[in-house]
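Dear colleague,

I am handing over the structure that you will be working with, and I have set out below what was found in it. Please keep it open beside this message while you read.

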Amino acid sequence: MLKQHRELSMSIRRTIENNEEAGIRPSKTYQSFVAAAEGHRELNFIEKNVRNYITRKVRNVFEQEDAKKFGKYLLRMKEKNHNFFFELELEEDQSIKLAFWADARSRAAFEYFGDVISFDTTYNTNRYNLVCGSFVGVNHHGQSTLLGCSLMKNEEIESFKWLFQCWLRCMGGNALKGFLTDQCASMKRALEACMPTTIHRWCIWHIMKKIPSKLNGYKGHADIEQEMSQVVWNSHSKDSFDRNLNDFLLNFCLVDNKWLSDLYEDRHIWVPIYLDHHFWAGMRSTQRSESMHSFFNKFITRNSSLIHFVKQYDNCLGSREQAERESNAADFHTVIPCATKSSIEAQFQDVYTHQKFREVQAQFRGKANCITRLTNSALGYSVYEVGEQVFSSIFNKFVVTYDSVAAEVKCQCLLFESRGILCRHALSVLSFERVSQVSPRYILERWSKKVKRRHTHIKSSHDEPLLEPRSKRFDQLVFRSQNICEFASESEELTAILHRAYDNVMAEMESLKAKRKGACSLSHEDANLESVNELQSPPRIRTRGRPKNRLGSKLDKQIANATKKKKTKVLSEVKVMFFKFVINLFDAASVVHSNSSQYQGHVMNYQFRVPAAGDNSLGV
């Protein structure tokens, strides 16, 4: 428990560094040490030492060096793969104002999953309060995939314009089909200027979440929230939405509410019925972007450096890549059985990825709650009314049309148009029409497991840690020793052999270290980069007062002291002889003056001053 007895060994330090890079919390790291040592008492350090090492050694990046390390990281990634893209915009003092980067895998994935993107911003990801923005798409398994990252000093219109133009340059100038964001006016205006053909959609979750705070002052606000949700989600046509919303405003006396009036003016960018005839890959909110931010927030605080942030971003890229690789492997090595005898279900089973096939199966199961009724038919074009039972006595009615000549089915719910999955109402009509195979237009290549996608052969960006030579050697030795230990642990005899080998090697190394102990030399003949990297600065000596201009050797000091003593002794002897001479002179003068009166002339007066202490002058 004493400070001077606590020590972190090389093995402990490397484990801490690896866990920190992997995003494992310090408390979990310490608990792993406790479990391995079988108790707290067996460790010669405490949890505070682990935290101090992380703070002072691992995360300790000076602000002056942080931006430089961030720039060097981007250059290293560009050197490893020339398809790595990044751009920076700097202030007049060369500080970072805007930054965007995307790795080679993300750029290749955009070719397949760049039709619809969710973009969201978040704060408190770094010590400079730069706003983090992430571009997130949906892959063929329905998983979120990162397609770029940005850091912004502010959320002004010009900042978003720079970012979106940068995004277009990165992705070869290909504009998106759909762009999903939160309710940000600056983002909306920038998107209209940079991507005029892209359909912009607001996150409906953010809007519905604001209802309690915006309408809390009205009587029966709980009923207001429930009724508005019904209007938004259960209006299956634009006309029905307008009617239902008007009735809602009149019933709750909300006609003059400015917030609702503004939302109605912008209804074409957030109400589902106005947007679901476009493909959105199942996205209606920025929740996918926010889930990425929640990943960052687990390991990043507002005091994190830029280089720490990009390391965690690399970890996120790696985790997304691994999730996709595992799902790809599962698609080719396992089969999900069909839930029904339908040949249409088997058609989707053969082509779609497991996750998307499960969504198709959910629609087949929901078909059991649908009642199909033919309302009109002429020249192979039929109109059906499908009633879906949602509660015991409540049915939602949908109009479904089927063209037998073109083999085309279309439902009022627009599930296929927005998500690329045939709905239960359309499947019910196809079953009613005894259709055994659906048209290829309803089997989207985007959800197919049989497409060879180029980005799957590209590794996501990951920066290799810049280790000290000793740390590198340690990691290499540990890696090799693991195989030896695993082999030796098979029997007691093998273990004993390894113990004897360890003892012999340890004795040999200690002997070599003892021979080399002490001073050693390094010349230009045997010097190399590794030996130079091992050089250490001399220990710093702290002195008091102003240092002398020249620090002489010990011999110089001895000679100076001896000369000073000799000079002082000679001067002292001269002073004594001089004072004796003066005293004798006074005595002789007094005798002459008393015995002879014939001298009437002037007598010369001698004046003397007492030498001050340490004064070497004669003082006359």
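To begin with one residue, the side chains of His141 and Asn328 are joined by a polar contact of 2.6 Å, and please bear in mind throughout that this is a predicted model. The side chain of His141 also makes a polar contact, at 3.1 Å, with the side chain of His140. Leaving aside residues up to four places away in sequence, His141 touches Glu324, Ser327, Asn328, Asp331, Thr353, Gln355 and Lys356. His141 counts as buried because its relative accessible area is 4%, and buried means under 20%.

Where does His141 sit in the chain? His141 is found in the loop between β4 and β5, and these two strands belong to an open sheet of seven strands, which has mixed pairing and the order β1-β2-β5-β4-β3-β6-β7. At the edges of this sheet are β1 (85–90) and β7 (199–202), each of which pairs on one side only, and from one strand to the next the twist averages 20 degrees.

Strand β6 (residues 178–181) runs parallel to β7 and is joined to it by four bridges; Thr181, for instance, has Trp202 in β7 as its bridge partner.

Two helices should also be mentioned. Helix α5 (residues 104–113) packs on the sheet, where it touches β1, β2, β3, β4 and β5, and its direction makes about 125 degrees with that of β5. Helix α7 (residues 185–194) lies across β3, β6 and β7, and runs at about 170 degrees to β7.

With best wishes

Notes. Residues are numbered from 1 along each chain as its sequence is written. This is a predicted model: local features need pLDDT of at least 70, side-chain atom pairs count only at pLDDT 80 or more; totals for chains, interfaces and linings use all residues. Side-chain values use heavy atoms; hydrogens and water are left out. Two strands pair if DSSP finds at least two bridges between them. Axes are lines fitted to C-alpha atoms, for helices over the stretch in contact, and angles run from 0 to 180 degrees between N-to-C directions. Contact means heavy atoms within 4.5 Å. Buried means under 20% relative accessible area, exposed over 50%, partly exposed in between (1.4 Å probe, protein chains only). A polar contact is a pair of N or O atoms within 3.5 Å; within protein, one must be able to donate a hydrogen and the other to accept it, and residues adjacent in sequence count only if both atoms are side-chain atoms.
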